[in-house]
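Here's a quick briefing to read with the model open in your viewer. Take a look at the chain before going through the points.

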Amino acid sequence: MDFRNTESRDLRPSRRGFLALAATSGLATALGGVPAFAASAAPRRPTESPLLSPGDAARNQLWWSAPGSANSMIEQGLPVGNGRLGALASNDPARELLTISDATLWTGGLNDTLQSDGQFPYGRDDFGSLTLLGTLTVDIPEHDLGVVDNYRRTLDLAQGLVGTTYEIDGVSYRRQIFASRPDDAVVLHFSREGRGTYTGTVSLAGTHGEATTAGGRCASFGASFANGLRYGAAVTAHSSSGTVAIQGNSITFTGCRDLTVVVSGGTNYAPDAGTGFRDPSVEPEHLARAKVLAAARESLRDLLHTHVADFRPLFERFDLDLGTSSPAQRELDTWGRLAARWRDNVPDPELEAAYVQFGRYLTISGSRGSLPMGLQGPWLDGNDPDWMGDYHTDVNIQMSYWLADRAGLSDCFDALADYCVAQLPAWTDVTRRLFNTPTNRFRNSSGRVAGWTVAFSTNPYGGSGWWWHPAGNAWLCQNLFEHYEYVQDRAYLAKIFPLLKGAVEFWETRLVTMTVTDAAGVTREVLVADSDWSPEHGPQDTRGNTYAQELVWNLFENYRTATRLLGRDTGHGETVDGLRRRLYLPEVSPTTGWLQEWMSPDNLGETTHRHLSPLIGLFPGDRIRPDDSTPPEIVAGATALLTARGMNSYGWANAWRSLCWARLKDAEKAYQLLVNNLKPSTNGSNGTAMNLFDIYETNPGRGIFQIDANLGTPAAVVEMLVYSRPDHVELLPALPAAWAASGSVSGVGVRGGFVVDVAWKDGAVTRATLTSVGGRATTVVAGGRSRQVTLRPGESVTLRSFR
C-alpha cells in the first residue's frame with residue numbers, strides 16, 4: 001500500500017473560516033440566542049455575480065413537467081426557506097400559490113400539568129401546534145394552463161432557487177422564487193422575453209381569520225394567539241413598467257413586463273424561558289412591513305445575488321458523484337425518474353446523489369438562526385400537521401440532524417443546540433416539580449429527582465406532550481456531544497455542558513441496583529434504568545431495557561470526556577465513569593438469537609416494529625462494532641435482530657435500518673433501503689412524493705409529510721461511504737455494487753475534527769484527502785489497510801494508491 005503524502009492548505013473554508021468569510025462580505029448573521037424575527041442592518045451586497053452558469057447549475061437541478069396542485073401542496077409544492085420562513089410554491093402559470101410558514105408560529109404553551117393517567121395533555125389547544133403563517137396568491141388569469149406550451153419548473157439545489165418557464169402565443173414567460181436569509185424575505189420575480197405582459201392581483205391572507213389591510217404600498221395583517229404570541233406578515237410588489245396599485249386589501253398589477261413581489265413575516269418568539277419565550281419589543285406586522293419595503297428598494301439583481309452569495313457557500317462544502325446515469329434516465333423529469341427507478345429496478349446514480357443533495361438543501365433552508373426542524377420542518381399546507389409538527393425525542397428530531405455534520409453543514413446543527421440550551425431552564429423546572437408525581441408511571445423509585453429530562457413530544461415553550469421519556473435527555477445529549485466530536489469547538493462544549501451535567505444528575509437519581517446471574521452462574525450487582533418503555537412498543541414497566549442502558553452508557557462516557565476537556569467537575573466525571581462501568585449491558589437471547597431488547601430472553605414486543613431502540617448501541621452509538629472491540633456473539637445478535645425487523649417500514653424507519661446495515665458493512669442491504677424509500681408514493685402510501693418529500697402512510701389512502709426520512713436517508717448514504725469515530729476513519733465501508741464503478745465524495749465531516757474527500761474506481765479508493773478542522777491525529781483505513789495520520793489544524797494530507 002503506497003501512501004504518498006502531499007500536504008497542502010485546503011481551499012474550502014472551515015466552519016470558522018466560512019463565518020469569517022461571511023462576516024467580511026457582510027452576509028453573516030449571529031448564530032444562537034437571538035430573536036427569530038428581529039430588525040437587522042441591511043446586508044452588504046456582493047460586487048460580483050455569484051450565480052452559476054446555466055450549465056453548472058443544471059448539475060444540481062431537479063425538474064418537473066407539470067405544476068403543483070393547490071389541493072396537494074405538501075406532495076407537489078416546491079420548498080424554499082431561509083432557515084425560519086418556509087414556503088411551498090405551486091408554480092401554476094395562472095395562479096402562483098405559496099403556503100408560508102414560520103418555524104416559531106406555535107400555539108400552546110408550557111403545558112406543565114399531568115393528567116390522571118400520568119400523561120401530559122397532547123392536543124392543539126394545550127400542547128399546541130405549528131401552524132401556517134399565511135398564503136400568498138399571484139393571480140394571472142390570462143396565463144391559463146389551457147394555452148400554455150413547453151411548461152417546465154425547476155428546483156436549483158445549489159443556489160436555492162425555484163424556477164418556472166412556459167410559453168403562450170410564442171412569448172416565453174419566466175418566474176423565479178427564493179427565500180433570502182440576508183433580506184429575511186421570500187422574493188418572487190416574473191419576467192418575459194418578447195411582447196407579453198402580466199396583469200393580475202397579489203393577495204396575502206392569514207389562515208386564522210386575520211383581516212388583511214392595504215396601504216402605503218403594502219398589504220399586511222397582524223394578530224396574536226391566546227398564548228400571547230404576536231405574529232404578522234406583509235407583502236409589496238413593484239414593476240419597472242405598467243401599473244402596480246393598492247386596490248382594497250390586495251395589490252393589482254396591469255400591463256407589466258416584469259413584476260417583483262416581496263413577502264415577509266414572523267412572530268415575537270424569543271428563545272428565552274426567562275421572558276416567557278416572547279420579545280415584547282417586537283411588533284411583527286410593523287417589522288414585516290419594514291422588511292418588505294426595504295427589500296423592495298433593492299434591485300432584483302441585488303436581492304438575487306445577495307441570496308445566492310449566502311446560500312452557495314454552504315451547499316458547495318460537499319459534493320457527491322455516484323456515477324453516471326443513462327441518457328434515457330436523464331430525459332425524464334424527476335417524477336418520471338422516480339417511477340422508472342422503482343419500476344425497472346435499474347440504478348439511477350445521479351438521481352440517488354440528487355436525493356442526498358435535496359436533504360442538504362432542506363437542511364440549509366430549514367435550519368438556520370431559528371428553531372430546529374420538527375416533524376415537517378417549516379413546510380406546511382394547513383394548520384393541522386400530524387403530531388402537531390412537534391419535536392419527537394425518541395428518534396425523529398435526532399435523525400433530522402444526523403446529516404448536518406456528515407455533509408458539510410455543521411452550522412445548521414446550531415439550531416438544535418440553541419433550542420436545547422434555551423429550553424433547559426423550563427425542562428429542569430418541570431422535571432423537578434412533576435417527574436416524581438405519583439401518577440407518572442416512570443417516576444423514580446428512589447423518591448429522588450435531579451437534573452432534567454423531557455417528554456416524548458416537546459414544543460418551543462418548554463412544554464411537554466404525551467408520556468414522559470426518561471431516556472430522551474440522554475439521546476439529545478448524544479446528538480449534542482457528537483457535534484462537538486465533529487467541530488472540536490471547546491466554546492460550544494462549554495455551552496452544552498450544563499445539559500450534559502443535568503442529564504447525568506437525573507440518571508444518578510434514577511438508576512437502581514439489581515442482581516443478575518450470567519450463563520456461567522456468576523452473580524453480580526449491576527445498575528439498571530428504572531421502569532421504562534422501549535419506544536414505542538412492548539411493556540411500559542420494565543427495568544433495564546436496552547434502549548435506556550445504551551443511552552446512559554453513552555451519556556456517562558461523554559460526560560467524563562467533557563469534564564476532562566473542559567477541566568470542570570473532573571472528580572464528578574470519574575465518579576460517573578465508575579457508575580458507567582457498573583451498568584448492565586444487553587446480552588443475546590438464547591431463545592431468539594437476537595440482541596435482547598429487554599432483560600428477558602423473550603421478545604416482549606412487535607418483531608417488525610418500526611423503532612430500532614435496542615440497536616441504538618450500533619447506530620447512532622458505536623459501542624457495538626463489527627470488529628475485534630465487540631464480542632462476535634453481540635454483533636451476531638445485533639445482526640439477527642436487525643434482520644428480524646425487516647426491510648420494509650416507514651421512511652424514517654428504513655433510514656435507520658440503512659444506517660445500521662451500513663455500520664454492519666452490508667452494502668447491499670443498506671442500499672436497498674435507500675431504493676425502498678425512493679419508491680413513488682401513490683394515494684398516500686409510504687414512499688417519496690412528486691416533490692421528493694417523504695410520505696408516511698398513517699391509514700390506507702392517507703399519507704403525511706415527515707421530514708426525518710428526507711434527512712436520515714442521505715445520512716445513510718454518507719455513512720456507506722465514510723465511517724468515523726474519534727481516532728478512526730474508514731473509507732468505503734459499505735459501497736454497493738450500483739456505485740462501485742467510479743465515484744467521489746468531498747466535504748464529509750469526520751468525528752475527531754477532520755474533513756475527508758474520497759475518490760474510487762472499481763470499488764477501491766484511488767485518492768483520499770484528509771483535512772484537519774481542529775483534529776490532530778487519526779487512523780485512516782481503506783481496503784483493509786490502515787495508516788496513522790497527524791496534522792495541524794488547517795493542514796491536509798493526500799493519500800493515494802489504496803489498491
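What follows is a short tour by topic.

This is a predicted model, so there is no experimental structure behind the values here. UniProt's unreviewed entry marks two domain features: "Glycosyl hydrolase family 95 N-terminal", at residues 62-113 and 130-270, and "Glycosyl hydrolase family 95 catalytic", at residues 301-721. To put the first point more carefully, all that is claimed is that the model is predicted.

**The annotated spans**

- Residues 62-113 are 46% strand and 8% helix, and the C-alpha atoms at their ends sit 47 Å apart.
- Residues 130-270 come out at 66% strand and 0% helix, with 16 Å between the end C-alpha atoms.
- In the span annotated as catalytic, residues 301-721, helix makes up 48% and strand 12%. Its end C-alpha atoms are 39 Å apart.

**The nine-stranded sheet**

- An open sheet of 9 strands runs in the order β2-β7-β8-β9-β10-β17-β14-β13-β12, with antiparallel pairing.
- At the edges are β2 (61-64) and β12 (213-215), each of which pairs on one side only.
- From one strand to the next, the twist averages 15°.
- At the β12 edge, 3 bridges link β12 to β13 (residues 218-224) in the antiparallel sense. G215 has C218 in β13 as its bridge partner.
- Helix α5 (residues 300-315) lies across β8 (161-168), β9 (171-180), β10 (185-193) and β17 (259-267). Its direction is about 50° to β9.

**Strand β4 and its two hairpins**

- How much of β4 (residues 85-89) is buried? The strand is mostly covered, with 5 of its 5 residues buried.
- In a regular strand, side chains alternate between the two faces of the sheet.
- For β4, both faces are covered: L85, A87 and A89 are buried on one side, and G86 and L88 on the other.
- β3 (residues 78-81) pairs with β4 over 4 bridges, antiparallel, and G81 stands opposite G86.
- The hairpin of β3 and β4 has 3 residues between the strands, and G83 there takes a positive phi near 100°.
- β4 is also joined to β5 (residues 95-106) by 5 bridges, again running antiparallel. Here A87 has I100 as its bridge partner.
- The hairpin of β4 and β5 has 5 residues between the strands, and N91 takes a positive phi near 65°.

**T458 and its surroundings**

- T458 lies in strand β20 (residues 454-458).
- Is T458 buried or exposed? With a relative accessible area of 1%, T458 counts as buried, because the cut-off for buried is under 20%.
- Its side chain makes a polar contact with the side chain of Y419, at 2.9 Å.
- Leaving aside neighbours within four places in sequence, T458 is in contact with F127, D390, Y391, T393, Y419, W427 and G463.

**Helix α19**

- α19 (residues 708-721) has 14 residues, so at 1.5 Å a residue it should span 20 Å. The end C-alpha atoms are 20 Å apart, which agrees.
- Why call α19 largely enclosed by the rest of the structure? Because 14 of its 14 residues are buried.

How values were computed
Residues are numbered from 1 along each chain as its sequence is written. This is a predicted model: local features need pLDDT of at least 70, side-chain atom pairs count only at pLDDT 80 or more; totals for chains, interfaces and linings use all residues. Side-chain values use heavy atoms; hydrogens and water are left out. Buried means under 20% relative accessible area, exposed over 50%, partly exposed in between (1.4 Å probe, protein chains only). Two strands pair if DSSP finds at least two bridges between them. A polar contact is a pair of N or O atoms within 3.5 Å; within protein, one must be able to donate a hydrogen and the other to accept it, and residues adjacent in sequence count only if both atoms are side-chain atoms. Contact means heavy atoms within 4.5 Å. The expected span of a helix is 1.5 Å times one less than its number of residues. UniProt positions are given in the numbering used here, feature names are shortened, and annotations may be inferred rather than shown by experiment. Axes are lines fitted to C-alpha atoms, for helices over the stretch in contact, and angles run from 0 to 180 degrees between N-to-C directions.
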